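Good morning, and thank you for making time for this presentation. I would ask you to keep the sequence and the structure in view while I speak.

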Amino acid sequence: MKEKNYDWTIFQKELEKLKISLTEKQICQFRDYYELLLEWNSFMNLTAVTEFQDVVVKHFLDSLTLVKAADREKLERGISLIDVGTGAGFPGIPLKIAFPGLKVCLLDSLNKRIRFLNEVIEKLGLSGIRAVHGRAEDFGKNREYREVFDLCVSRAVANLSSLSEYCLPFVKVGGMFVSYKSGKVQEEASAAERAVKLLGGKMENICCFELAQTDMGRSLVCIRKIQKTPDRYPRKAGVPGKEPL
């Protein structure tokens, strides 16, 4: 089969602004990821965004904007990261491709997505990454996952109070939870402060910007874990979403 030629100009230009440099191998991994996304999306709902440049900007680059808020040296050094509600692998897989030393866990509640993620991991030849099927409320109670990660990220669409209950239990004391949000989130962040404090966290900062090549407002809400999460959190499956703290 003839290999398709994709225009990576915008991607490379915006990566320069983020001070991220990729090898030819890494670009090929992004290409293979895109093609697998299209292939699987033809028979299961992974993303509504399918045009190449749209995926590059709204999924790949958006995922990599983490460098605006997180410690780049730690990402390059290879800390442990969990992506909660990863869906089609965003932001976890783009971060793993760009920072191969990261030790990544992709958590999602739909097993068919896990099958897709495992194929991506295999086809891209990624190591130090695993996809796990389960709910955050259950895994947050599991000793193997609770308070063992340096960094938790999530692009999942949920109230920040609920997301904090899903995500902060995974973060070790001194680590960070970064929530990817659309638009301005100051009001939502203020409303979530009580929940964040209850869960052992502290709002550190909110990084606001426009996504490259768009007029879409984005925010990265950075929450530092300053003390252990009380044993009673997270509450049982379904409760954090229905009854935010």
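**A hairpin, a helix and two cores**

Let me begin at one pair of residues: Cys208 stands opposite Ser219 in strand 7. Please bear in mind throughout that this is a predicted model. The two strands concerned are strand 6, residues 201-210, and strand 7, residues 217-225, and they pair in the antiparallel sense over 9 bridges. Their hairpin has 6 residues between the strands, and in it Gln213 takes a positive phi near 65 degrees.

Just ahead of this hairpin is Gly200, in the loop between helix 9 (186-198) and strand 6. Is Gly200 buried or exposed? Its relative accessibility is 1%, and Gly200 therefore counts as buried, the cut-off for that being under 20%. Which residues does Gly200 touch, if we leave out those up to four places away in sequence? They are Arg224, Lys225, Ile226, Gln227 and Lys228. Pro240, for its part, is 40 residues from Gly200 in sequence, and the two C-alpha atoms are 16 Å apart in space.

Pro240 brings me to Ser162, which has its place in helix 8, residues 160-167. Not counting residues up to four places away in sequence, Ser162 touches Pro240, Gly241 and Pro244. With a relative accessible area of 3%, Ser162 is buried.

I turn now to helix 1, residues 9-17. Which of its residues are buried? They are Phe11, Glu14 and Leu15. These residues cover an arc of only 105 degrees around the axis, and so they lie on the same side of helix 1. On the other side of helix 1 we find Thr9, Glu16 and Lys17, which are exposed. What do the buried residues of helix 1 pack against? Their partners are helix 2 (24-41) and helix 3 (52-64). After helix 1 comes Lys19, with a positive phi near 60 degrees.

Phe11 also leads us into the interior. As general background, nonpolar side chains in soluble globular proteins tend to be buried together. In this model the largest nonpolar core has 59 residues, and Phe11 and Phe116 touch the most other members. Which residues does Phe116 touch, again leaving aside those up to four places away in sequence? The list is Tyr33, Leu36, Leu37, Trp40, Leu46 and Ala88. Apart from the largest core lies another, of 26 residues, including Ile82, Val171, Ala192 and Tyr233.

Finally, let me step back to the whole chain. The protein chain has 10 helices and 7 strands. Its radius of gyration is 17 Å, close to the 18 Å that the globule rule gives for 245 residues, so the chain is as compact as a globular protein of that length. The C-alpha trace spans about 55 × 35 × 30 Å along its principal axes.

How much of the chain is buried? Of the 245 residues, 55% count as buried. The protein chain exposes about 11700 Å², and carbon and sulfur atoms supply 48% of that area. As for contacts with a separation of 6 or more, residues 24 or more positions apart account for 70% of them.

I shall stop here and would welcome discussion.

Conventions. Residues are numbered from 1 along each chain as its sequence is written. This is a predicted model: local features need pLDDT of at least 70, side-chain atom pairs count only at pLDDT 80 or more; totals for chains, interfaces and linings use all residues. Side-chain values use heavy atoms; hydrogens and water are left out. A nonpolar core is a set of buried Ala, Val, Leu, Ile, Met, Phe, Trp, Tyr and Cys residues joined through side-chain atoms within 4.5 Å. Buried means under 20% relative accessible area, exposed over 50%, partly exposed in between (1.4 Å probe, protein chains only). Contact means heavy atoms within 4.5 Å. Two strands pair if DSSP finds at least two bridges between them. Helices (H or I, at least four residues) and strands (E, at least two) are DSSP runs, numbered from the N terminus. The arc is that of the directions from the helix axis to the C-beta atoms. The radius of gyration is taken over C-alpha atoms; the globule rule is 2.2 Å times the number of residues to the power 0.38. Accessible areas come from the Shrake-Rupley method with a 1.4 Å probe; for residues, only the protein chains shown count as cover.
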